[in-house]
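Here is a colleague's note on the model shown below. Please read the points with the coordinates open.

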Amino acid sequence: YHYHGLPVKLIEKLGKKDEMVLIGYAGDGYPIYNQIGFDDPKDSKSRLRELKPSYRLKDGFRPKGFAGPGGKYDGTFVQDWVYAAESGDLDDCNGRLAVTIDSDEPMYHYVVTTAYPFIGRYFRGEPDATFLHHRGPPPRRHR
């Protein structure tokens, strides 16, 4: 079982719409939480708020020879987006080192967000070998 976006109905069913909720684990073993996190990544007594990814739309137009249609970058394709360090709360893997509802000590975890990339596109850690037994291209790891 896996997610393709924020499991809104599951979170609503748990009655935790405005709370931080553990929703799973990634192939590299790091936990995955919903879009809510502590404002201060080092303080579990700080307020909870929606976390924002650090990706933005590219400016301009797609280059000639692009695999899809040309035109202005509009978010239709993964290639329309670029990571903009520290422009949001999360790193390029859509995660962060911060306290959670499960740990007063900062720990690395992924966050599923309401904006692109929704679910991280890279692993921070090394995926377990059993996770890699699938068809298709191997997952890209964080650079």
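1. **Terms for strands.** Helices (H or I, at least four residues) and strands (E, at least two) are DSSP runs, numbered from the N terminus. Two strands pair if DSSP finds at least two bridges between them. With that in place, E1 and strand E2 (residues 31-33) run antiparallel and are joined by three bridges.

2. **Basis.** This is a predicted model: local features need pLDDT of at least 70, side-chain atom pairs count only at pLDDT 80 or more, and totals for chains, interfaces and linings use all residues. Residues are numbered from 1 along each chain as its sequence is written, and side-chain values use heavy atoms, with hydrogens and water left out.

3. **Overall make-up.** The protein has one helix and eight strands. The order from the N terminus is α-β-β-β-β-β-β-β-β. Of its 143 residues, 36% count as buried (under 20% relative accessible area; exposed is over 50%, partly exposed in between; 1.4 Å probe, protein chains only). Take contacts as heavy atoms within 4.5 Å. Among contacts with a separation of 6 or more, 49% come from residues 24 or more positions apart.

4. **The four-stranded sheet.** In what order do the strands of the open sheet run? The order is E1-E2-E8-E7, with mixed pairing. Strand E1 (22-25) and strand E7 (95-100) are the edges, each pairing on one side only. Neighbouring strands of this sheet are turned by 50° against each other on average, direction ignored. The strand axes are lines fitted to C-alpha atoms; angles in general run from 0 to 180 degrees between N-to-C directions.

5. **Register at both edges.** On the E1 side, Gly 24 has Ile 32 in E2 as its bridge partner. On the other side, E7 and strand E8 (residues 103-111) run antiparallel, joined by five bridges. Gly 95 stands opposite Tyr 110 in E8. A hairpin through two residues connects E7 to E8. E7 is an edge strand, and five of its six residues are buried.

6. **Nonpolar cores.** A nonpolar core is a set of buried Ala, Val, Leu, Ile, Met, Phe, Trp, Tyr and Cys residues joined through side-chain atoms within 4.5 Å. The largest one has 14 residues. Those with the most contacts inside it are Ile 23, Ala 26, Ile 32, Cys 93, Tyr 110 and Val 112. A second, separate core has five residues, including Met 20, Ile 36, Phe 38 and Val 99. In soluble globular proteins, nonpolar side chains tend to be buried together.

7. **Aromatic pairs.** Rings of Phe, Tyr and Trp (its six-membered ring) pair if their centres lie within 6.5 Å; planes under 30 degrees apart are stacked, over 60 edge-to-face, the rest tilted. The whole structure contains seven such pairs. Tyr 108 and Tyr 110 form an edge-to-face pair, at 5.5 Å centre to centre and 90° between the planes. Tyr 108 counts as buried because its relative accessibility is 11%. Tyr 110 is buried too, at 6%. Elsewhere, ring pairs link Tyr 55, Trp 81, Tyr 83, Tyr 116 and Phe 118 into a cluster.

8. **Salt bridges around Arg 62.** A salt bridge is a side-chain nitrogen of Lys or Arg within 4 Å of a carboxyl oxygen of Asp or Glu. There are nine in the structure. Arg 62 takes part in one with Asp 74, the closest N and O atoms being 2.8 Å apart. Both residues sit in the loop between strand E5 (55-57) and strand E6 (81-83), twelve residues apart. Arg 62 also meets Asp 80 in a salt bridge (2.8 Å, N to O). That pair also lies in the loop between E5 and E6, 18 residues apart. Are these residues buried or exposed? Both Arg 62 and Asp 80 are buried, with Arg 62 at 9% relative accessibility. Asp 74 is partly exposed, at 48%.

9. **The Arg 47 network.** Asp 39, Arg 47, Arg 49 and Asp 89 are linked in a network of salt bridges. Within it, the side chains of Arg 47 and Asp 39 meet at 4.0 Å, N to O. Arg 47 is exposed, with a relative accessible area of 53%. Asp 39 counts as partly exposed because its relative accessibility is 32%.
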